[in-house]
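Me: I am new to this structure and would be grateful for a guided reading of some of its local features. Please take the questions one at a time.

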Amino acid sequence: MKKKTKKNRKIKPFTIIMIIIDIFVGGCFFLFYGPFKGFKNKIISTAMITKTHQWIAYTFYSEEEVSKVVASNSYVIPDENMDLDEIVIDTSEKKHYDNEYDKEILTRENGNDDYKMIDVKVGKYDAHLVAVYDPSKVQLLTSPSFNTGKGQETMIKMCTRNGAKVCINGGGFQDITGYGSDIPIGYVIKDGEIIWSDNNNASNIIGMTYENKLLLINATGEEAIAAGIRDGIEFGPFLIVNGKKISSNSAAGGYDRAARVAIGQRKDGVILFLVTEGVHTKGPTLTEMADTLELYGAYNAANLDGGTSAQLVANGKLINTPKNVYGKTIEGGRRVVTGWGSVSYTHLRAHETGRNL
């Protein structure tokens, strides 16, 4: 008599998928909440590099945990009121210079009295430093509209549309999906008016005054305007205040490493744009940015939106090479909502009189 044998049972595809999902979820849980402190710090620090990706950190960790990691990689900003009286605008060429960096900034190139571009290193990363000689030309640029679903614009288009010769990107914007949006984060001030705000709180505002001086102030939009700001955006941190630099408690330099963008001003009024190469997680630290700006005479300076958004445009061409979080080049640059540019007098006069060019 033959013994009955059980037939081999096939595992259903659905069961296999569920097992794979369980393993994946379990692995992620172990990575995010396990004993790997360095991994958690990296995730949080990377997410906090720009305001547009902070939701990633808060998705996996509590506000308390995020605050602890940010604090452990904290930076110290000079705590004092700005003294704009130290800024005396005189950007003419001189017979004698304080040092080689001063000479490099103030010596015009090929008769170009508008700006000069200098290739530099920030830490070990390639970067582009621009000296804009006339601070009155430095204006806030914005995309055509906010919160319409169609307002984003690359810096090439924004720069060209506004008649600007050289431009950098500006503040942050909401980015839940990874594709950005046309919704700015924080205050946007143009011509002495708040044209966008998502809060009424005092925040770090980076602005140009009616006296064409870079003002860094922690204030509400209304307070910033009362302090003399004509154009401004909410972002930060401030890198140099009254000649005193940001300092860091860790090698990460605060928000870790990334491609970075900054704006600064020398005592003689020259505006500095600094844009570095790099990707979302590899690039200079904030302290390295401050060190470079200080070498070239920045008396005040602030950090702008970096990472994937980092863009420098000159004469209608993208100068740096923006890359996404995977290190892939973004042809033409990422679409953003605000920027800073040196606008031609023709466009300035047309704007002042309300005429269309």
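The questions and answers below concern a predicted model.

Me: In what order do the five strands of the open sheet stand?
Reply: The pairing in this open sheet is antiparallel. β4 (138-142) and β19 (317-318) each have a single partner strand, so one side of each is left without a neighbour in the sheet and they stand at the edges. Read from one edge to the other, the order is β4-β21-β6-β18-β19.

Me: Which residue in β21 stands opposite Cys 167?
Reply: Strand β6 covers residues 164-169, and strand β21 covers residues 338-343. The two pair in the antiparallel sense over five bridges. Within this pairing, the residue opposite Cys 167 is Gly 341.

Me: Which residue in the hairpin of β7 and β8 takes a positive phi?
Reply: Strands β7 (residues 188-190) and β8 (residues 193-196) pair in the antiparallel sense over three bridges, and Val 188 stands opposite Trp 196. Two residues lie between the strands of this hairpin. The positive phi, near 55 degrees, belongs to Asp 191.

Me: Is Val 279 buried or exposed?
Reply: Val 279 is placed in the loop between β16 (271-276) and α8 (286-295). Its contacts beyond four places in sequence are Ala 258, Ala 259, Lys 323, Asn 324 and Gly 327. The relative accessible area of Val 279 is 14%, and a residue under 20% counts as buried. Val 279 is therefore buried.

Me: What distance separates the C-alpha atoms of Val 279 and Gly 327?
Reply: Along the chain, Val 279 and Gly 327 are 48 residues apart. Gly 327 is nevertheless among the residues that Val 279 touches. Their C-alpha atoms are separated by 6.0 Å.

How values were computed:
Residues numbered from 1 in each chain as written. Predicted model: local features only at pLDDT ≥ 70, side-chain atom pairs only at ≥ 80, totals over all residues. Heavy atoms only, no water. Pairing = 2+ DSSP bridges. Helix = DSSP H or I, 4+ residues; strand = E, 2+ residues; numbered from the N terminus. Buried < 20%, exposed > 50% of the residue type's maximum accessible area, 1.4 Å probe, protein only. Contact = heavy atoms within 4.5 Å.
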